[in-house]
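User: I want to know what stands behind each label in this model. Please set every value against its cut-off.

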Amino acid sequence: MPPPAIIVGLDLSLSRPAACCIDSDWEIGNWKTVSYVSWKTAPVSSLADRHERLCWIRDRVLEFCFDERDATHIWIEGYAFAAQSSSVTKLAELGGVVRVALHEHGIDAVPVPSTSCRKLLLGKVPRKGAKVAVQRALYDAGAPFDDDDQCDAMAVVNFGLSELGYTAMTLTRDAIETKVVSQ
């Protein structure tokens, strides 16, 4: 078994970034020991405001990872956008700002495709509505998250647990039904 770790999963976006943190010795389903947050941001119009928003998000992520806990590993959900999307540049800017800041704090965040996170968590990813399926599976398992971005951050940190050799969860339809029946 690898040494103890504090693992953070990030779902970066400009409108509502989210983070989730789990200790490596997490008991699957003990939601009281999971830390999570999302930050709602306002739309911006000027270049200066856009830069301020990037810095504000960066600062919230750093506070979550290092001031409120002592993260040892950080995973970031990969960009989910179409090649022609107008948000490509803005998301890449945010990702770059956050990754450099984390690097300066001694951790190189590992990018992970959202499909990989969802496949591990769900077992099988539906072709449509994958984000909603993650949220539904986590809520069915008793997760207390406030929004779908926090659910995505949980899927990311769960993937990180698995990649580091710790126990991670898969919430198949049968497992959820079994859990509900046994309560």
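Analyst: Start with one pairing: Asp 11 has Ala 18 of strand 2 as its bridge partner. This is a predicted model, where local features need pLDDT of at least 70 and side-chain atom pairs count only at pLDDT 80 or more, while totals for chains, interfaces and linings use all residues. Numbering runs from 1 along each chain as its sequence is written, and side-chain values use heavy atoms, without hydrogens and water.

User: What makes strand 1 and strand 2 a pair?

Analyst: Two strands pair if DSSP finds at least two bridges between them. Strand 1 and strand 2 (residues 18–23) have six, and they run antiparallel. One of the bridges links Val 8 to Cys 21. The two strands form a hairpin, with six residues between them. Strands here are DSSP runs of E with at least two residues; helices are runs of H or I with at least four, and both are numbered from the N terminus.

User: How does strand 1 run relative to strand 4, and how many bridges join them?

Analyst: Strand 1 and strand 4 (residues 73–77) run parallel, joined by four bridges. Val 8 also takes part here, with Ile 74 as its partner in strand 4.

User: What is the strand order, and which strands are the edges?

Analyst: The order is 3-2-1-4-5, in an open sheet of five strands with mixed pairing. Strand 3 (35–38) and strand 5 (110–112) are the edges, since each pairs on one side only. From one strand to the next, the twist averages 20°.

User: Why is strand 1 described as largely enclosed?

Analyst: Buried means under 20% relative accessible area, exposed over 50%, and partly exposed in between, with a 1.4 Å probe and protein chains only. Five of the six residues of strand 1 (residues 6–11) are buried, so the rest of the structure largely encloses this strand.

User: Why does Leu 62 count as buried?

Analyst: Its relative accessibility is 14%, so Leu 62 counts as buried. Leu 62 sits in helix 1 (residues 47–67). Contact means heavy atoms within 4.5 Å. Beyond its neighbours within four places in sequence, Leu 62 touches Asp 67, Ala 101, Leu 102 and His 105.

User: How do you know that Cys 151 is in no disulfide?

Analyst: A disulfide is a pair of cysteine sulfur atoms within 2.5 Å. The cysteine sulfur nearest to Cys 151 belongs to Cys 20, 9.1 Å away, so by the 2.5 Å limit Cys 151 is in no disulfide. The whole structure holds zero disulfides. Cys 151 is buried, at 1% relative accessibility.

User: Why is helix 3 called roughly perpendicular to helix 5?

Analyst: Helix 3 (residues 114–122) and helix 5 (residues 148–163) pack at about 80°, with axes 9 Å apart. Axes are lines fitted to C-alpha atoms, for helices over the stretch in contact, and angles run from 0 to 180 degrees between N-to-C directions. Under 35 degrees is roughly parallel, over 145 roughly antiparallel, 65 to 115 roughly perpendicular, and the rest oblique. That makes the two helices roughly perpendicular. Among the residues in contact are Cys 117 and Leu 121 of helix 3 and Val 156 and Phe 159 of helix 5. Cys 117 is buried, with 1% relative accessible area.

User: Where does pLDDT stay under 50?

Analyst: It does so over residues 176–183, for which the model has five contacts beyond four places in sequence. pLDDT is the predictor's confidence in each residue, from 0 to 100. Where it is low, the predicted coordinates should not be read in detail. The protein averages 89, and 90% of the residues score at least 70.
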